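Load the model in your viewer and keep the selection panel open. The stops below go chain by chain, with something to select at each one.

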Amino acid sequence: MGSNSLYGPLDPAPDAGYTDAPPRMGFFTDTSVCIGCKACEVACKTWNAIPDDGFNLLGQSYDNTGGLTANSWRHVAFIEQPRSDSGAATGVPGAFAGLPTGPSASAQSAVIAATTGADTGTAPGLPPAVDALAAAGTVDPQLFPAAGTGPQFLGMPQTDLPGRTSDAPRTDFRWLMMSNVCKHCTHAACLDVCPTGSLFRTEFGTVVVQEDICNGCGYCVAACPYGVIDRREDDGRAWKCTLCYDRLSDGLMPACAQACPTESIVFGELASLREQAAARVETLQSQGVDSARLYGHSDDDGVGGDGAFFLLLDEPEVYGLPPDPVVTTKDLPDMWKRAGLAALAMAASVAVSFLGRRG
Amino acid sequence: MGVRTWIEGWPVYRQLTGTDPLGRGAAAQSDRSKSLTARTETADRVAKSVCPYCAVGCGQRIFVKDEKVVQIEGDPDSPISRGRLCPKGSASLSLVTSDRRRQHVLYRRPYGTEWERLDLETAMDMIADRVLEAREQTWEDADDEGRPLNRTLGISSLGGATLDNEENYLIKKLFTALGAIQIENQARI
Amino acid sequence: MAEAHPVGFQWVIEAKNRGATVIHVDPRFSRTSALAHTHVPVRAGADIAFLGGVVNYILSNEKDFREYVLAYTNASMIVSDDFLDTEDLDGLFSGFDPKTNTYDESSWMYAGHEEHGQAHEESHASRETASAQQHESHGPPLPGDVRRDPTLQHPRCVYQILKRHYGRYTPEVVEQLCGVPVDKFLAVCEAWTSNSGRERTTSLVYSVGWTQHSVGVQYIRTGAIIQLLLGNMGRPGGGVLALRGHASIQGSTDIPTLFNLLPGYLPMPHHAQHVDFQDWIDDIRHPGQKGFWANAEAYAVSLLKAYFGEAATEENQWGYGWLPRLTGDHGTYRQALDMIDGKIKGYFLLGQNPAVGSAHGRAQRLGMANLDWLVVRDLYMIESATFWKNGPEVETGEITPETCRTEVFFMPAASHAEKEGTFTQTQRLLQWREKAVEPPADARSELWFFYHLGKRIRARLASSTLPRDAGIKNLTWEYGEDEPSGEAVLQEINGFDLSTGKPLSTFNEMKPDGSTSGGCWIYTGVFADGVNQAARRKPGSEQSWVAPEWGWAWPANRRTLYNRASADPDGNPWSERKAYVWWDGSAGEWTGHDVPDFEKTKPPSYRPPEGASGVAAISGDDAFIMQGDGKGWLYVPSGLIDGPMPTHYEPAESMIRNPLYGQQANPTRKVYDRDDNPTNPSPPEPHTDVFPYVFGTSRLTEHHTAGGMSRQLAYLSELQPEMFVEVSPELATERGLEHLGWAHVITARAAIEAKVLVTDRMTPLRIEGRIIHQLWLPYHWGAEGLITGDSANDLIGITLDPNVLIQESKVGTCDIQPGRRPTGKALLAYVEEYRRRAGLIPGHHTPIVTTRAPEDADGQQ
């Protein structure tokens, strides 16, 4: 045991007792090429035979999964974001630059129709047509009292929808998508607090719940700095991404990475993924995507670096990620004596009960 | 299992004696975890296939164990898809194996309010009878000027874009020989 | 593309990573837009205005790839003096007949060949039979010897005609019509043209919603004109790429389950045009014409030999007399209306769900409710099988189970994993699927079903002596005892040399003397050397980037059509960077990365002798070998119903008066003018303000078409669990719609309800000085499955493209109101009230000809 293997840079598999560990494996999720198709969610569920998460329209853009849960080990977040930086410099005006705002002139429209059509004797029951060209320019506030009165709350995640007033003309817009997943932290609080040894560090440096051991105590749920691990309602046990431990054992890629159409999810040796990611950031920045940055790649962060890290195009909070996660067991060594004693006592009692049963 | 082996398999023993004193890794690994293997590796055979959804034509590998499909995933050999699948393609396993899939013939009699079960052979005979009857009732030998028509407008068919070429070939061949021309598929839609 | 073909989109991402610019033009900001460099929101239904503006930009700035255009297109050909443009006739071309709403096309023809043009009656018959579809594999007939002006200065040469035609499609007009600001439009033009030429190519990709317009064929034509002008056809990284939406929809067009075609795009015989075998053959091959269609007789005889075997002899015209004849339009929409009228007895649905997936769902369901019997073959229970108890018309009382006589057979189908066979994907590639397991219980393949249905029918007719039964009795129909072998059927499709029993290797081996068979000539070669070429699976990583040893592409395993154009007229690559297929002078043959789409040993310098016809008439620089003149067509002198050049017409339903022409919409569009198929009013009709918004429909990544393969699966259903409608914040404000609240959308056909998604991805556009709102709906929902909802296709009426009889379902007008729609009989009254307000009362007819030109004053105003 190192001086403090609960915090700071570290190669987790050897630290967890694997004398001949393979290189640490992980995910690099490059959100700049994510198309939000959710193949990762489905491939994960198909492989791991995970139950569905219910059929609920959430209205969070195209995200109807809502987050990582015991039944969703991959989750694609969608962020609709009005802004001027389109994510790529092309010299072409932004998506919505120059497009109109304000209400339509539809009720006053169909000028030509009204003046050229033969009267069929039917009554549309709408206000008489006026000059549409003029109408478009000067909307009658009597007809459209809601027009131009500023943003209205529409129940969207972002309350400040732009583009509805001439004060906030449409400029550009982008739609960010990110496939979120368990971070497989170097210092995994879920694992540190697990009293049963259900959560364990694999030889690949990943963190896995052993479903045959988990007793559903739920300590891990509170411990996770990312809010990833979760208990399943029906069986009470904790579930999360295993980085397809069974597939890795056979030299296969995790199901999500195998399916991902655009290689937004890249699986590989963590060390080379970090190099690849750094190069990608550099490329994007050289293309004018100044907002490209990595998240969870650094050994020096609060969890000792993530086994699953990300390239983001905005602040982590925008994607619902904590900006500065810290392993919740950082101060555990101070508490270790008591906790260790308690654990030993519990282990001893378990052993007694085992022996008793065998007898 | 001898006592010693059993003791060695005991996590706390391993934790206290092994390289993993905190009991978070090697010592905590359960037998199940240790023996985990991908079900694709233990399949009896693999069929090379193609995704049934859109027309990109992604390669699929269908893994079969005990005559059951146990996994469908992308075929990395495919120069079209390079092993990848979209959410629909990734859901192919449940498309094939879902218990919502219909496996038996159902029959709704005229003016009926519910489905009834029917055996396959009976259904086939009934359909053959109805095709011939509809053909008989609506047969046209020739047009007003005596030019051959040799057809029926009493039978329609729609579908084929999700079927195999071989199937479309037999469908068109049979219907054409029967004089049924109102044969259409999604390509008109 | 990211939305509906995500795995195909990996190649766009790869191109983008290598520096390609990606531009997405779409009314709605989709997942494709999110990854594009630029999203260009446009008004739905104004695509020809947009693309015509690009053509105008190219021609007025001389940005065309001149050497390519001169060599490989018909730019220099001289058109008849009689031709008059839409610019002259207020939106009509010369030759229009307002009685039939079709054209006499003789004036469109090249000068001196006017007699080759289609007359009214032919044009009418062509529309009814969607004959343009035959041109999927080849162009329509044309003479080879056409006057040309290589300087492109002649005022009647195609280049100048094109330039005049699109002269008014200026950036300002594009802005007015499409809502795309001038600077943004010019940026697109600049990007497209600067990335095309000798060293670079640009690809135009569309999804087949583009075909679902009353001017769908002309949309694609406009794209083709641009790609020809810029030299992007037949070259790597170029082309006009159709992303089709079903696993083998390309195959079901090649080996058609379509009323107007036989395998390999041979036309179904027409009762008046093809009375006997020779009429039929001559109509396909056009004696004296150049190109590969000269051999049509060999293809046709081989098909009849495959169908009728020994019974097909020269004496009985190879059994031609047993084939049924068309008399007009027998398309799927005609059929639905005929079902309503009680003309059709029985209906097979084979993995198809028209109650949700076809336009005018109500007409579809009412038609099915008026059949004697219906056979539905599918994996899951679908709406088309349960219309009699779960359809919307049951709720309104229009269908009641106790009074609905339709007998329904639901036959469980085998899945793709449970049968062997080939799909043809969107790039014409056939890929063989191995059978993984047996289908469960009563589930069977279509191969099994139709084989055994055929066996039963043949047994019942075995003793018949009626002439009508001769065809079915003489059919070759021996495919084993239980499940037919897919390989045996594929071999029959490939064809045999009947004297040796060996599979044919190429359609060039087919003979018109009955010594060969072959069920689909363009597929000949799929079993070359007796090997199932479609089953080839050499890993992509172990072969060239063209991957010629993965599957098999028709024709002749060619991956890029017309690839002769990837080399210059002398046979050298246009550039090293874009080398694909070229002439190897020392070896005396064409070579390259792909199978050359040209006779292998015909040198670039070859010029046909006087009077040559057929293949011998193809010149060494005729890159477009299936076209009657060997050239790519900027201008279509023959073969299209609605004009030789794409012209902006408004959709059949629009609130905008066509600002370019008096002619409002496509004058030749196929309409079914009946009270149960009303069309929302468009200018110059009054009351267009009853349906003041534009709507479009399309797919979501998470679902598949009518939902039968996605709404039944939990893993897909949870991802998009409810029917919704997307509106802009502006429209939400205008109509008082709340995010995640209910709204209903109304047209003259139906009112459907959906949850509201208010999103900035939808934007209003300024059109003609007015602000136009567009809303968008997915069309996947219906009454069966884990998740249910109203069907967007119920909103849509039946108006068809005249060339291929595909419905206009990607644009229409509507109203949207907050809250849920009425239910029961109140729903019918609600929609009826909208119709009344819109003037769609009994006796109303939508005007077709709306020109203001005096010579058309006799049109139906």
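Into which domains is chain C divided? This is a predicted model, and in it chain C has domain 1 (41-245 + 559-642), domain 2 (255-323 + 468-534), domain 3 (332-419 + 442-460) and domain 4 (670-837). Colour these four ranges separately before going on. Then pick domain 1 and domain 3 of chain C: their centres, taken over C-alpha atoms, are 41 Å apart.

**Stop 1: a residue inside chain C**

Select C:Ile226, which is part of helix H9 (residues 216-229) of chain C. Is C:Ile226 buried or exposed? C:Ile226 has 25 other C-beta atoms within 10 Å, and a residue counts as buried at 20 or more, so C:Ile226 is buried. Leaving out residues up to four places away in sequence, show what C:Ile226 touches: C:Leu51, C:Val54, C:Val55 and C:Ile58. For a sense of scale, add C:Gly519, which lies 293 residues from C:Ile226 in sequence and 36 Å from it in space, C-alpha to C-alpha.

**Stop 2: where chain C meets chain B**

Select the contact between chains C and B, made of 131 residues from chain C and 101 residues from chain B. Which element gives the most to the side of chain C that touches chain B? Helix H18 (residues 446-460) of chain C does, with ten residues. Colour this side of chain C by residue class and you will find 66 nonpolar, 45 polar and 20 charged residues.

Next, show strand S7 (residues 148-158) of chain B together with strand S9 (residues 346-350) of chain C. The two strands pair across the chains in the parallel sense, over four bridges. To see one of the partner pairs, label B:Ser156 and C:Tyr347.

**Stop 3: where chain B meets chain A**

Here 33 residues of chain B are in contact with 32 residues of chain A. On the chain B side, select helix H2 (11-17), helix H3 (31-35), strand S3 (68-74), helix H4 (87-90) and helix H5 (92-97), each of which supplies at least two residues. By class, this side of chain B has 14 nonpolar, 13 polar and six charged residues.

**Stop 4: chain A and its confidence**

Now hide the other chains. Chain A has ten helices and ten strands, and 49% of its 359 residues count as buried. Of the contacts in chain A between residues at least 6 apart in sequence, 65% join residues at least 24 apart.

Colour chain A by pLDDT. The mean is 77, and 66% of the residues reach 70 or more. Where does the pLDDT stay under 50? Residues 85-92 of chain A are one such stretch, and the model has 22 contacts for them beyond four places in sequence. Residues 102-168 of chain A are also below 50, with 133 contacts in the model beyond near neighbours in sequence.

**Stop 5: a four-stranded sheet in chain A**

Select the open sheet whose four strands follow the order S8-S1-S10-S9 in chain A, with mixed pairing. Strand S8 (265-269) and strand S9 (293-295) of chain A each have a single partner strand, so one side of each is left without a neighbour in the sheet. On average, neighbouring strands of the sheet are turned by 25° against each other, direction ignored.

Walk across the sheet one pair at a time:

- Strand S1 (residues 25-30) of chain A runs antiparallel to S8(A), with five bridges; A:Gly26 stands opposite A:Gly268.
- S1(A) pairs with S10(A) in the parallel sense over four bridges; A:Phe28 has A:Phe309 as its bridge partner.
- S9(A) and S10(A) run antiparallel and are joined by three bridges; A:Leu294 stands opposite A:Leu311.

Stay on S10(A). Five of its five residues are buried, so S10(A) is largely enclosed by the rest of the structure. Turn the view to check both faces: A:Ala308, A:Phe310 and A:Leu312 are on one side, with A:Phe309 and A:Leu311 on the other.

Last, add helix H9 (residues 270-286) of chain A. Helix H9 of chain A packs on the sheet, touching S1, S8, S9 and strand S10 (308-312) of chain A. The direction of this helix makes about 135° with that of S8(A).

Definitions and conventions
Residues numbered from 1 in each chain as written. Chains lettered and ligands numbered in written order. Predicted model: local features only at pLDDT ≥ 70, side-chain atom pairs only at ≥ 80, totals over all residues. Domains from an automatic or database assignment. Contact = placed C-beta atoms within 7 Å. Nonpolar A, V, L, I, M, F, W, Y, C, P; charged D, E, K, R; others polar. Pairing = 2+ DSSP bridges. Buried ≥ 20, exposed ≤ 12 C-beta atoms within 10 Å, placed from the backbone. Axes fitted to C-alpha atoms, helices over the stretch in contact; angles between N-to-C directions. pLDDT = per-residue confidence, 0-100.
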